[in-house]
Structure formats: C-alpha cells, structure tokens
Amino acid sequence: MRSCLSAVCRYEFRMQIRKRSLWISTIGLAALITVAQGDRGPRHLPAGTDAAVVMGSWALLFSMLLPIGFGMVLADRLVRDHRIGIASLLAGLPARTGALVAGKYAGSVAATAVPGLLVLCVAAAGEFVHRGDPALFGWAFAAFAVVLLPGLAFVAAFALVCPLVISAPLFRVLFAGYWFWGNMLGPDYLPSLTGTLLTPIGDYPASWLIGERALYAGEPGWLSFLRPEPGGGAALLSVALLIALAALPLAFAGPLTARRTSS
Amino acid sequence: MSLWRYEARRAGWPACLAAPASLLATLALAAGSAGFGAPPPSVHGVLLSGVEALVPLAAAMAAVTVVSVDRCRELQLALPARYPGTLARRLGIVAGSGAALAVLLTAVLRLTGSWTGPRSALASVLVWASPLLGLTGLALLVAVLGRSVVLATTTVAVVWLCEQLFAPVLAATAWSRPFFLFLTSRAGVADGWGTNRAVLAACGVLFIATALLLLRRPERLLTEEEA
Amino acid sequence: MDIKISGLRRRFGRVEALCGVDLEVPGGMFGLLGTNGAGKTTLMRILAGVLAPTGGRVTVGGHDLATRAGRLAVRRRLGYLPQDLGLYPDLTTREFLDYIGLLKGLDDDAARRRQIGELLDMVGLADVAGRRLKGFSGGMRRRVGIAQALLGDPALVVVDEPTAGLDPEERIRFRTLLAHIAGHRTVLLSTHIVEDVAQTCQEAAVMAAGRVVFTGPVTGIVDRARGVTWEIVTQGPPPAAGVVVSAVGGPDGTRYRVVSPVRPDPAAVPVQPSLEEGYVALMREAAVPG
C-alpha cells in the first residue's frame, strides 16, 4: 500500500512537473504579478521592513493568481486518464483506488508546489539584493508553507475531482468565477467567502505574518462565525480547515473514477 | 439546417450550458445580495456585472473548449468542408445562444427597471457584446497559438481576474481605459464608454481574424497528444 | 487516381519523419508496409491534407497538394480512415455518417440517405444503424470508419493501420471489404501487418526510417529473401546469426526459420521464403549503413 502510494505520487509528480503549461503559466503569472503589483505591493515596502512582512506580502500576492494557473493545469488530470485510455489499465491493477487517488493528489500538489516555492525564492533573492537580510529566505519558506501551500492543496483537490462530475471546461469557468467571488470580492459588496477562514488565498496566515489585516481577513460579513480576528490561532485554524475541506472531494474521487471507468 | 443541428451537438453540452449557467449565477448572486439586505442599487449593480463580466467569461471558456476538443479532428481535417468553417458554426451556436440569453435578460431588466446600463437598446447590447468579442477573440487566439487548453483558459481567467482586481486603476488610466472589459459596471456610462466598446470589439475581431488566418495551417489544431 | 511523390520531407522539431520520399502509386490496391515509426502515418496524413510537408512535391490525380486549390480538389475525391479514428459517442451510426456526408458536401438528402443505407449494408452495420457509437467494438468502429471514408464515392481511399488490434475473423472481413472497394478506386493501405498486404495487394512499397526502401510487386519483396532464408531443427540454442523469423517446438527439437546472408548453421537448409521473410530481409538491408 505504502510503496504503491509513493510510486504513484513519484510518477505523478514527474508527469506534472514536465508539463510545459505548468511552467509557462507560473512564469507568466509571477511576472505579471511582479510588474502589476502597484505602489502598495511588497516591492515598495520601506527599507528595514521585517522580513516576515516582506515575504508574507509576496506570498499573498502570488497566491492571488498562481493557484488559478495550477487549477487549470490540474483540471483535466483524472478526466485525461479516461480520455487516453489509461483508466482501465489502472483499474485492472491490484493497487487500491484510494492509494491511486491519494498518490495522484500528493504528486500533483508537490508538482505545483515546486514552481510556487521557486517563485517565492526568486522574490526573496530579489528582495535580498535591496534589503540584504538573509532572513528573507527563511521567511520565504515559512510564508510558502502557511500562505501558498494550503491554498494549493485545496485547489488541487477540487481541480482533480470536480471535473469528473461537471466536465473540465465547466469547472474552469466556475473556478475562475469562484476565485474572484470567494477570495477577492469585498464582503460588503456581496455575500461571499472573502475574508473568512475558508479563503484559500491565505488571507489569515498572511495577516498573521504581516501583523495586520492583509486583505479582508476577519472583516464583518456573511458567515460571521468564520470571521475571527486575525492572529496566530486563526491562521492555524484556517490552514487546518482548508486541508480538511480538501479531503472532502478526495473522499469521492475513488467512487467517481470507478463509475466513469465502468460506464 | 441538419448540419447546424449536428454542430450544436458537437459543440457539447458544457459549451452550450456555459452562458445559461453564467446568467443563472448572476441571478443567484443578485438574489443572495438582496437576501443579504443589500439596497436595490447594489442588487442592480450585481445584475449589470453579471451581464458584462460573467457572460463573456463563460463564452470565452466555451470557445476554448469548442476549438480544442474534437474526437474526430484528424478526419475533419481531411474532409472537403473547411474545418475553420465547421468551428465557426460551432462557435456561432455557442455565441448565439449566449447572446440570445443576454438580450433576454437585458430586456427583462429594462422592463422591470433594474437596468443601470446605457439607455439606448443598441448600446445595451454593447455592454456584454464588446467584452464577449474581446475576451472570446483572445481565448481563440491563445488556444490556436498555444495548442493548449490550459494555456488558453488560464490566460482568459487571469485577464478576467486581473481586470476585476485592478479595476479602479485600469478604469482611471488613460491608456488602459479603452481596453478595460468592465467599464459599464465599474465606472458607468461615462466619457470614453463608446470608444472603450469600439476598441474591445475591434480587438476581438482582430484576434478572431488572426486565429482564422493561423488556422489555414490545419496541423495547428493537432494537439501534442494527437500529433 | 495516381499519386506521385518526389523528395517529400517532413520534420517535427529535430526529428525528420520523412527524409526524401519518392513514390508512385498506380490505381488499384496498393500496400505501404513499414515498422512502427517508419513514417507511414506522416505520409498518410500529408496525402490526406492533414499535415503540410516541409519539402518536396506531391500530386494526386494531377492536383498539387502544395496549393490550396489542389488540396481541396483532392479532399473532394478522398476517403480517409485515420489510424486513431475518434467517433462522436453520442451520435448513432446513421447520424455520424449523415453528419460526415453533409461535411463532404452531399447536400441531396434523399441521395445521401440512400448512400448511407447502401454503405451500412455493405459494411454489415445495418442492424446497428440506430445504435449510439459509444460502446462499439474495435471492429465495428473500423467498419463505421470505412463507411464514412466511402461516402461520396471517393476515387482515392487512404486507410492507415485499419486492422491493428482486430481479431482474425474481423481482420479477414475488413481485408475482404478493402479488396472489394478497390475495384474502381485507388486504395492506399498503410500497415505493419505483412499478412494484410500479402492477402490484398499486388503492388506495395516498404518504408524504413522515413525513406521508401522498396517499390514494386509484392512478389518482389519475397524475392529479397530468396537464398537467404534457412530452416534448421535443433535441440540447442537458437542460431546466433541472422534473424529468427519463426520457432516451432516439436519432439525432435525446435524448428527455426532464419533470415541470414550466411548459412547460420552447418545443418541449416535453404528454403522458399514467405512475404514476411522477404520483409525481414528488406529491413535488414535497410538497416545496414551505406
């Protein structure tokens, strides 16, 4: 079971990391964010700003758009197995469906995490040239782990499983709309998940690193019980909730894949 | 007529459902907003945003699907009917159904006094038609150039999202204002609105024409898995 | 409808799939043999107008495929069955053929329907004409494929690996069908299955590594192995020299048939070669540098 899981994870990682579209979208989006961040972006934080604040801001900035590309990349992953005829082959193996799904999920998250971490490290290197603070690199890893990674784990789970039900094209439309509505649309404008603990953009962890409200975390709005004051505890709760939510679609992945293979 | 019926089936249900789904989402958001206690002007703003922002997004994503997914592509490319023409019929069906629904919703909103867009009926069409042309044209061009669904859908999603995120800056800056997709819902029918609509539509036509020119080399449509 | 190909090249990035193909295909059934990766599918796709060549010249029935008008003229008289034929699973057999017929410009509804009915009878799918294509077996899919290729009564039919993966009965049925339709047409059959060519074609070409290494009557392929095909019965290991084409175990030992320019064993005796052995001999010749 364990060897099967690690094998699937390893090869899934290799397949995803070799995807040209993964790298093109990462580089394109990272460049776009860096250029378009405006005067309030982390590039313009005053000299002497704490490294945690600088890298927390970069991580939040990247997590606004990078997961969009990753979600699009992963959206046809399980559907593609059926399209290219590999699903029947996998179904005939002694490996359990749960292990296959878990391995693919872990491999996919790892593959999207690598370019995500790399762009944060490049941002840290750029900031190091100006600020000369080596702690920037350490905080790049920390910011990646608490701001970007939980969001990637959340997006990967839904991007892998939802297209099995609603088709990849429809998922992509809904995903783009959801990302804006659930992450960046002000809660005073419309009832939305923006600013709640369930925001995969990492608003709460980023607010914790920055030491003040990063975007909308905790702002009054719909589902007020999910909008505690930002802080260390709220950030950890947000990460835990996102990971727990990611497990939800994965629980259905096995039966959905089996149903598709047998139909 | 039967050819059009077949092409409607070939466009696929996700592509044909995209526009109705976007309008349903608009209505759901407006209902949620009203239920949340938002004043009527805010609810009207949500409806206008849906028509201007969600319909073009759905149409552009559907266009990518229509161009990128075809089980019989190799056979189609060997037929005497030109494949770009076949794709154009499918895209026409998707765009036509979206347009019909958008016109219907606009008419209903105008009749019920919930419309906050331009007063003229023709200008009302441009609220959704111009961004639809611009975004769909971009989607088609990237899909043909990149031969990748992922690249095309990511580009559409990111352009759409960035224009939402940086709306105040894009609407206020002179060079970006003509290219801003959501001028009606974000800045109203103010100075430069007509220019903005014309530029967006012209860009869309230009993108579509370029994509069609590129499609004169049929192997441009074969993806990595097919080639 | 004759096909004339000269100096045809096609490059995919760094890989040269076709490196100077010269070939003339007369009317009737013509076989194109070659290993996987020899460039057969690339050649078929170029003939079908799906791919553009990187260099060289192709004319089909006098129409130059380098020009738009030429490609269109060829497509109007072409039936193409690609190697990986995708079918629209939500259409029935009849609907699929109707749709392709419309795209082929068969606008007369009654005539199109009549032709579809005839073709369905011919390929033995009349009973399932109203069934959706989803769930069709490989053999049924190929028969749908050949039916769509024959819509519009094309003068040239290009079929790429049509029998790969079919069971023997279905393969024989498909071969007979191809031979039947070749009566008044040019049928270009690309395959790596030697038996298919042996049973259906009088003329053939053999491709290896992007080049045509043989053109002529099928018997000419057999001639290539004359004098270099050997048989040996031994209880020892297989002969080290040459290529073992078959090995049949028996009470006296294993009976090997070997293609080798030199006698592989003192006990080996020369035998009459088969087409398959001729093909193996050709491939060996093509693999020898220079």
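**Notebook: chains A, B and C**

I started with one helix pair in chain B: α3(B) and α7(B) are roughly antiparallel to each other. The model is a predicted one. For the pair I looked up the angle, which is about 170°, and the distance between the axes, which is 10 Å. An angle over 145 degrees counts as roughly antiparallel, and therefore α3(B) and α7(B) get that description.

Next I listed the residues that make this contact. From α3(B) they are B:L57, B:A60, B:M61, B:V64 and B:S68. From α7(B) they are B:V149, B:A152, B:T153, B:V156 and B:W160. I sorted the contact by class and got eight nonpolar residues, two polar ones and no charged ones.

**Contacts between chains**

Which two chains share the most contacts? Two pairs of chains touch, and the pair of A and B has the most contacts. I also checked chain A against chain C and found no contact. The closest C-alpha atoms of chain A and chain C lie 9 Å apart.

I then went through the side of chain B that touches chain A. Here 31 residues of chain B are in contact with 26 residues of chain A. Three helices of chain B, α2 (13–35), α3 (40–68) and α7 (149–165), each supply at least two residues of that side. The largest share comes from α7(B), with 11 residues. By class, I noted 23 nonpolar, seven polar and one charged residue on this side of chain B. Both α3(B) and α7(B) appear in this list of helices, and these two also pack on each other.

**Chain A**

I looked up the secondary structure of chain A and found 10 helices and zero strands. Read along the sequence, the pattern is α-α-α-α-α-α-α-α-α-α.

For the overall dimensions, I noted that the C-alpha trace of chain A spans about 60 × 40 × 30 Å along its principal axes. I then compared the radius of gyration with the globule rule. For 263 residues a compact globule would have a value near 18 Å, and chain A has 19 Å, which agrees.

**Chain C: domains**

The domain assignment splits chain C into domain 1 (3–217) and domain 2 (223–287). The centres of the two domains, taken over C-alpha atoms, are separated by 34 Å.

How many residues of each domain are in contact with the other? Nine residues of domain 1 of chain C are in contact with six residues of domain 2 of chain C. On the domain 1 side, the elements that give two or more residues are α7 (194–200), β9 (203–208) and β10 (211–217) of chain C. The residues on that side divide into eight nonpolar, one polar and no charged.

**Chain C: strand β1**

Last, I followed strand β1 (residues 3–12) of chain C to its partners. Strand β2 (residues 15–25) of chain C runs antiparallel to β1(C), and eight bridges join them. Within this pairing, C:R9 stands opposite C:C19 in β2(C). The hairpin of β1(C) and β2(C) has two residues between the strands, and C:G13 there takes a positive phi near 60°.

With strand β4 (residues 55–60) of chain C, β1(C) pairs over five bridges, again in the antiparallel sense. I noted one facing pair here too: C:S6 stands opposite C:R57 in β4(C).

Technical notes
Residues numbered from 1 in each chain as written. Chains lettered and ligands numbered in written order. Predicted model: local features only at pLDDT ≥ 70, side-chain atom pairs only at ≥ 80, totals over all residues. Pairing = 2+ DSSP bridges. Helix = DSSP H or I, 4+ residues; strand = E, 2+ residues; numbered from the N terminus. Contact = placed C-beta atoms within 7 Å. Nonpolar A, V, L, I, M, F, W, Y, C, P; charged D, E, K, R; others polar. Axes fitted to C-alpha atoms, helices over the stretch in contact; angles between N-to-C directions. Parallel < 35°, antiparallel > 145°, perpendicular 65-115°, else oblique. Domains from an automatic or database assignment. Rg over C-alpha atoms; globule rule 2.2 N^0.38 Å.
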